[in-house]
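Grab a viewer and work through these short exercises. Try each task yourself before reading its solution.

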Amino acid sequence: MRLEHEAAAMMQQGLLAQLLECGVDKDEAIALLPQIELCLTLPAVDAWQTLTRDLLQPHHPFSLHLLLYELTFAEGDSQQWNSQQGSPPAWFPTREQIEATHIAALMRQLNFRSYPELHAWSVQNRAAFWSLIIERLGIRFRQPYTQLVDLSHGIESPDWLVDARLNIVESCFQAAEDAPAILAQSENQPLNRWTYGELKALANRVANGLIDLGMQPGDAVAIDLPMTAEAVAIYLGIIQVGGVVVSIADSFAAAEIATRLRIAKAKLVFTQDYIQRCGKLLPLYAKVIEAAAPPAIVLSRDSSKPTASVRLRPGDFPWPDFLSSNERFDPIPAQPAAHTNILFSSGTTGDPKAIPWSHTTPIKCATDAHLHHDIHPGDILAWSTNLGWMMGPWLIYASLINRATLAIYDGAPTTREYGEFIQNAGVTMLGVVPSLVSAWKASHCMHGLDWSAIRAFSSTGECSNPQDMLFLMALANYKPIIEYCGGTEIGGGYITSTLVQPCAPASFTTPALGLDFIILDADHYPANKGEAFIIPPSIGLSTELLNQDHHRVYFGEVRRQETEANLKLSRSPSPPTPTPLRRHGDYIERFPNGYYRVCGRVDDTMNLGGIKVSSAEIEQVVSRVSGIQEAAAIAFSPPNGGPSQLIIYATLAPQTQQTQTELKAAMQTAIAHQLNPLFKIHDLVILDALPRTASNKIMRRVLRECYG
């Protein structure tokens, strides 16, 4: 008995020492010690729920959160959590929380007892699923569809909402006119509130202004603006008149702006004199001019001065002169497949893929928000993005079609002011990219803020790191993170999480409702680790590209595999899958507990800071740096997960005098000026020669495998 008492005392002293090492004040550590010890005697799930509900607080050092998480789910626990299972869940929904979700309501409506039953039904009865979702969302039609989907031209080319006529903007204004549509703030400015009625009035003024300029349905109009309330109104106004938005990120260099304007054949561009980041004014209109843009409508960064503070080119319009005074407009109905938006996503060639969205794509955006993010009327959604990336348009539709509110901040999201905006706006769903969370964790800039209004986070754009995601959950007293992965060509996600399943940091729980995918290994056998192939059709999946062969990009390379893969499927325990399979390019691992982890890309594209870019685009820029003979760009995925890192391999030109440090700096400058300043080189590796195939192609796969 004495030995047991001494052993217990030693364990207690050891735990106290660990608490002190975490930075906990000694008096507080002594007070916490018996509570922690008691919790650790419980089963792991009960222990963690008690710790996060009754003990751990956002003000505690994150090292304490991490310590208790690791102790709770230590090796040898009855739950048997280990590296083969992925991260243990850090949030478990209560029965009350589950019953309050849209997914639970849908399950009750369809009389399903489990989420897997619902998902299976949604992919086996796609027409019934999408018809039901369209009804739940209240999508407005001028002329109803006679058939949900026509597959007579093949699964690769579905015809959705046959015979229907609609303008998706009408479905964005179903909330009461006095309900909040947008909460907007710029750096060092007060928070502004826009009602649905005010947003609609401005969108109508934009639409009438475009009509006054002679715009016709099908005309392409670019938006190169930060994410502001005016940008949202412009986006909706263009689509109302039957126009096609050309999405351009405000961080792009002039050459990248020019490329997108050229591919989309834009006839007009909305832009701004300057953007402000961390107190610095960065020219935007000047980049548009350098890109030889078509006529521009120019807004002012300073809302108190409606006219831009720059001299305009002949033929360009100040924002106040362009706006119509007419606040009424009847949206022009169109066929469901009519283009509404051209977005860009890097492939494996120099030019980015130009992906058209139609009037049906927003249904996918709103569906993922409705079901997987559980957005209800009155919710407040924030995501640090802009209209140049798919999450900008996604956020508009996810919020407005669900009668919720956008919370948009025009400024740097790495600052405490951004965190205060999230707090003051009462954000209930906060979207992030993992590299942003890493920056918050390193700077401690969000410490002490009240994020208690947040019901859920969502993470997309990059691979997540479990520790960083646990840190994010801790900022809001352990709210779940919806891991969400998809793409511009999907209109949303194909793999995601839900609020009816436990949330494990950096892990996905399910294919998206209405979609399914299969994992194939290098030999095209079904596997638990390998390349993800989407099983079409689904609303949201692209059916065309402006500047490439859509079938070749997504189906052509898979076609040779289909028969063999499906024969192998028929001999496996997996159910048969329809053909053809659609390539997406993600490398995925499925854990024994059924959860998933996305491990990066299998092709020559990469996600840097949440932005998709091809190796070829980066190589074209850095290869022109003086002293470089040839270069190859890869994305390195850290072994423990987390955002990809940009690695450049290079061979040197004869008589090169620059050092490796000088060459790396020159490459970084070139990337910032010609592509995007957000792309940061992690490492430069000098080689005598780059590995090549027999046909002289660079073997980037070999470089990825060798690095680190």
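**Exercise 1: a salt bridge across loops**

Find the distance at which the side chains of E170 and R142 meet, and work out what the pair ties together.

Step 1: E170 and R142 form a side-chain salt bridge, at 3.0 Å from N to O; the rule asks for a side-chain nitrogen of Lys or Arg within 4 Å of a carboxyl oxygen of Asp or Glu.
Step 2: E170 sits in the loop between β2 (159-162) and β3 (180-186), and R142 in the loop between α8 (126-137) and β1 (147-150), so the contact links parts 28 residues apart in sequence.
Step 3: By this rule, the count is 19 salt bridges.

This is a predicted model, where local features need pLDDT of at least 70 and side-chain atom pairs count only at pLDDT 80 or more, while totals for chains, interfaces and linings use all residues. Numbering runs from 1 along each chain as its sequence is written, and side-chain values use heavy atoms, leaving out hydrogens and water.

**Exercise 2: two crossing helices**

Describe how α9 and α10 cross.

Step 1: The axes of α9 (residues 196-212) and α10 (residues 229-240) come within 8 Å and cross at roughly 55°.
Step 2: The two helices are therefore oblique to each other (neither under 35, over 145, nor 65 to 115 degrees).
Step 3: The crossing of α9 past α10 is right-handed.
Step 4: By class, their contact has 12 nonpolar, three polar and one charged residues.

**Exercise 3: confidence**

Where does pLDDT (the predictor's confidence in each residue, from 0 to 100) stay under 50?

Step 1: The chain's mean pLDDT is 89, with 91% of residues at 70 or more.
Step 2: Residues 1-7 stay under 50, with zero contacts (heavy atoms within 4.5 Å) beyond four places in sequence.
Step 3: Residues 76-80 also stay under 50, with five such contacts.

Terms used
Axes fitted to C-alpha atoms, helices over the stretch in contact; angles between N-to-C directions. Helix = DSSP H or I, 4+ residues; strand = E, 2+ residues; numbered from the N terminus. Left-handed = near helix turned anticlockwise from the far one by under 90°. Nonpolar A, V, L, I, M, F, W, Y, C, P; charged D, E, K, R; others polar.
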